[in-house]
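Subject: The structure, plus notes

Hi,

Here is the structure I promised to pass on. Have a look at it first, and then read my notes underneath.

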Amino acid sequence: MNRQLANFLLKGGRVLDPASGRDGLFDVRVRNGTVDAIDGDLSPDGATVIDVKGLIVTPGLIDVHLHLMKGLGAFGVDPDIFGVGSGVTTVVDAGSAGHSLLNVFRSYVTNNAKTRVLNYINLSTLGGVAGPGFSILADSRLIDDEKIEKAVEANRDMVVGIKVMATGGALGAEGLKPLARARKLGDVLRLPLLVHIGESWNKDAAPVHVGDVLKYLRAGDIVTHMFTVHPGGLLDSNGKLWLQVRDAQESGVLMDVGHGLHNLNFDVARKVLDQGLFPDGVSTDGHRGNRAGPVYDLPTTMAKLMALGFSLDRVVEMATANAARLLGRYNELGFVRAGYPAEISVLRLEEREWQAVDSQKGTIPARQAIVPVYAIRGDRIYEPLPSERP
Ligand SMILES: [Zn+2]
């Protein structure tokens with residue numbers, strides 16, 4: 001059930017807000033959509049009391065990689081399913097729209113959603129129209145630098161970067177040339193690149209070496225699918241991180257999980273984590289084909305990272321403060337502070353045993369689950385949609 005309340009008080013929850021360094025029992029009062037006060041014991045002062053005792057109150061969760069052009073191909077999903085319907089307040093589309101569809105994306109997706117919807121513009125004009133197995137960068141005419149620049153300038157409030165499929169399948173005969181063009185566009189537009197690695201779709205294509213891809217990336221760019229088991233991933237044949245991955249990490253290139261149908265593999269994750277490379281962002285790569293498993297939602301993906309050894313604080317930090325930084329929105333999102341619009345998630349941490357399943361049906365035991373209870377945006381309080389999450 002969704003509610004609209006002018007004044008309400010979240011009473012008795014554990015506020016966990018890594019951006020503000022806050023972790024403890026606090027009440028949060030919201031007036032007319034703005035956080036009015038955060039303190040140990042607040043009086044309702046006329047506000048409706050919402051009992052959140054035993055629950056975790058975090059900044060609104062941010063899922064930085066999904067496919068949200070509802071109805072487009074096999075992937076496009078309604079943003080509110082993975083968004084406020086999953087306890088998440090901000091969702092980011094990863095390249096469904098190229099420059100020619102950006103205005104359609106805005107009016108059809110962003111403007112109609114209850115969740116905040118941002119996006120990465122696809123380097124290719126085709127975006128997600130042709131489906132993932134198509135060579136969308138293999139013809140130089142499919143990148144129109146001028147039109148991309150114009151589309152981005154007209155949509156700065158929505159576009160957070162440029163999506164690049166750095167796979168042999170997508171690049172085809174153009175080889176690494178599209179990466180050079182993406183680099184230039186990123187510099188001109190002062191936007192990060194979101195780069196897909198891993199040959200998950202075109203099994204016959206000659207994979208691109210991640211070391212060659214990373215040469216084009218700078219501080220603030222993001223590699224998504226860091227735990228992919230497919231050719232083109234972060235590990236060499238001995239399970240060691242390629243040297244260029246270390247260099248990229250040191251130079252400030254960011255790493256995102258991008259779970260998806262294909263790209264979270266627990267064995268790869270363990271090897272990558274054991275070598276000291278940790279995710280900056282946690283994302284579902286959510287779409288129509290993985291909501292009913294293996295992905296489900298962002299809270300479940302966060303719980304899988306906990307099963308891999310991360311603490312609740314760390315995964316909440318990834319999904320809030322880190323995600324906001326990754327999107328260049330840290331002044332606006334990823335914290336709960338008095339005087340700012342209310343963007344809040346309320347979660348329940350359940351102590352129970354379950355099997356976490358990866359994209360290759362590999363399992364690891366998990367002892368804690370994260371279940372969404374509310375997503376709050378301004379004066380609106382959303383309860384999650386039914387889910388088959390484990
Ligand atoms: Zn994706």
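Let me start with a residue that is easy to miss from the outside: His225 has a relative accessibility of 1%, so it counts as buried, the cut-off being under 20%. Before you read too much into any of this, please keep in mind that the model is predicted.

His225 also has an odd backbone. Its phi is near 80 degrees, which is positive although the residue is not a glycine. For context, most residues other than glycine have a negative phi, and most peptide bonds are trans. You'll find His225 in the loop that runs between β12 (222-224) and α7 (243-251).

Two other spots go on the backbone list:

- Asp45 has a positive phi as well, near 55 degrees, and is likewise a residue other than glycine. Look for Asp45 in the loop between β4 (34-39) and β5 (48-51).
- Gly293 and Pro294 are joined by a cis peptide bond, with omega near 5 degrees. Pro294 sits in the loop between α8 (266-274) and α9 (298-307).

Now the metal. Which residues coordinate the zinc ion? They are His65 and His67, each through NE2, and Asp285 through OD, at 2.1 to 2.3 Å. Along the sequence, these donors follow the spacing H-x1-H-x217-D. The site therefore ties together distant parts of the chain, since His65 belongs to strand β7 (residues 61-66) while Asp285 is in the loop between α8 and α9, 220 residues away. Are those two buried or exposed? His65 is buried, at a relative accessible area of 0%, and Asp285 is buried too, at 8%.

Next, a strand that I'd suggest colouring: β11 (residues 193-196). Leu193 and Val195 point one way from β11, Leu194 and His196 point the other way, and all of them are buried. On the β10 side (residues 159-165), the pairing with β11 is parallel and spans 4 bridges. β11 also runs parallel to β12, with 3 bridges between them. His196 is a handy landmark here: Met165 stands opposite His196, and in β12 the bridge partner of His196 is Thr224.

Finally, the pockets. How much space is there in the largest pocket? Its volume is about 420 Å³. There are 32 residues in the lining, and the closest to the centre are His67, Phe75, Gly128, Gly131 and Pro132. His67 is a name you have already met, as one of the zinc donors. By type, the lining of the largest pocket splits into 13 nonpolar, 17 polar and 2 charged residues.

The second largest pocket holds about 280 Å³ of space. It is lined by 19 residues, and His230, Pro231, Gly232, Gly233 and Leu235 lie nearest its centre. Helix α8 gives the largest share of this lining, with 3 residues. Sorted by type, the lining of the second largest pocket has 9 nonpolar, 7 polar and 3 charged residues.

If you only open a few views, I'd go for the zinc ion with His65, His67 and Asp285, then His196 between Met165 and Thr224, and then the loop with His225.

Cheers

Methods: Residues numbered from 1 in each chain as written. Predicted model: local features only at pLDDT ≥ 70, side-chain atom pairs only at ≥ 80, totals over all residues. Heavy atoms only, no water. Buried < 20%, exposed > 50% of the residue type's maximum accessible area, 1.4 Å probe, protein only. Donors = N, O, S within 2.8 Å, 3.2 Å for Na, K, Ca; no water. Pairing = 2+ DSSP bridges. 1 Å grid on protein atoms, 1.4 Å probe; cavity = no way out; pocket = protein on both sides within 12 Å on 5 of 7 lines; lining within 4 Å. Points joined across faces, edges and corners; volume = space filled by probe spheres on them. Nonpolar A, V, L, I, M, F, W, Y, C, P; charged D, E, K, R; others polar.
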